[in-house]
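Me: I'm new to this one and would like a close look at a single part, taken slowly. Could you start with one pairing and work outwards from there?

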Amino acid sequence: MDIDMTDIHELKPSEYSDFISLWQEAFGDDEQEINAFTNAFASELKCFILTDSTEKAHSALTLFKMGELTIPKENVRKDVYVSYAICTSKLARGKGYGAAITNYAASFVTKNAAGWCGNNGISVLSPASNSLINFYKSLGYKPIFLSHQGRVDVFPTNEAINSLIVKTISPNEYNIKREQILHDLIHISLSINSLNYLAGYSHFHSFTLPSDGLKGIFITSSPIENEKISLDELLVSKTPLSDATEKISVTGKDYDFAGESIAKHFNASICTYNSPAFSGNDHVQAMLFIADEETDLISEKKSFYQPYFAFPFD
């Protein structure tokens, strides 16, 4: 069917079952999981659907406010609206429906439709797979934010790891520490709704490694399987010596050592983690695309670390 014969609009109650079916076909989530997501962001979420002339639904997209784009030392704070769970039925793919609904959501945000996004909203998305990167580039999105995916194996002979101290903390405590660690980085600060949603299936922790001057935070959302622990986010900082006059940079080795320590603490032999990517680091876990005039400013401010998104809301 010609794209001109379709209609994109905000989801109607009568279309909810079609919306659920499209989401489930594309991503395999059950209805309870989908409802948990939409309920968590209810006050800052809109669902869009694309229908044909017979009102049959072919594509869907969920738009939610994730948090704020923060650029240190600049008077720039913009609300971040993520196009999420973009899906098209298998029988309708290749007709431009996914591109159409993605463009619609981006325009909704950047043109401040109905005032819902405030005066400073930006449209972003995180591709479900690397195969979609060039597709979203063709729609005007640019790869700006990267995350590093690390993996480290535990070496039982490393005695220094035994000094690790781990505490379970609240989502609010996690957020405060997160902003302290990321305050010098271009990053996305998480909204209260984002934290509350994560709290429904994740565990928040802080840690210290006194013997190495390392401390930080991490999130886990899945049980240890096959002796592997997965950290959805790992953030590390280094405590300066008492006579230090400059901030101490955290290295990739520090992240690996923290990951190894955490794995041993939880009796795992492997740790995988997501963290900010270092400049020149080619190991990318996720790419964030942004259609916004601030991209030049973000690019100019790149430093030792790449601008940091966070992690996909899987």
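**Starting from one pairing**

Reply: Let's begin with strand β10, residues 214-220, which pairs with β12 in the antiparallel sense over six bridges. Keep in mind that this is a predicted model. To find the pairing on screen, look for K215, which stands opposite S237 in β12.

Now zoom out a little. Those two strands belong to an open sheet of four, in the order β7-β9-β10-β12, and the pairing is antiparallel. β7 (165-168) and β12 (233-238) are at the edges with a single partner strand each, so one side of each has no neighbour in the sheet. If you compare neighbouring strands here, they're turned against each other by 20 degrees on average, ignoring direction. There's a helix to look at too: α7, residues 252-265, packs on this sheet and touches β7, β9 (203-209), β10 and β12. Its direction makes about 120 degrees with that of β12.

Next, hop over to strand β4, residues 76-88. This one is mostly covered, with twelve of its 13 residues buried. β4 pairs with strand β3 (residues 57-71) in the antiparallel sense, over eleven bridges. With strand β5 (residues 121-125), β4 pairs in the parallel sense, over five bridges. A handy residue for seeing both pairings is S83: in β4, S83 is the bridge partner of L63, and S83 also stands opposite L125 in β5. As you trace strands like these, a rule of thumb may help: in a regular strand, side chains alternate between the two faces of the sheet.

β3 and β4 also lead us to the last stop, helix α1, since both are among the elements that cover its buried residues. The others named there include α2 (31-40) and β2 (45-51). So which residues of α1 are buried? They are F19, I20, L22 and W23. These residues span an arc of only 165 degrees around the axis, which means they sit on the same side of α1. As for the helix itself, α1 runs over residues 16-27, twelve in number, and reaches 16 Å from its first C-alpha to its last, close to the 16 Å expected at 1.5 Å a residue. Just after α1 comes G28, which takes a positive phi of about 80 degrees.

How values were computed
Residues numbered from 1 in each chain as written. Predicted model: local features only at pLDDT ≥ 70, side-chain atom pairs only at ≥ 80, totals over all residues. Heavy atoms only, no water. Pairing = 2+ DSSP bridges. Axes fitted to C-alpha atoms, helices over the stretch in contact; angles between N-to-C directions. Contact = heavy atoms within 4.5 Å. Buried < 20%, exposed > 50% of the residue type's maximum accessible area, 1.4 Å probe, protein only. Expected span 1.5 Å × (residues − 1). Arc of directions from axis to C-beta.
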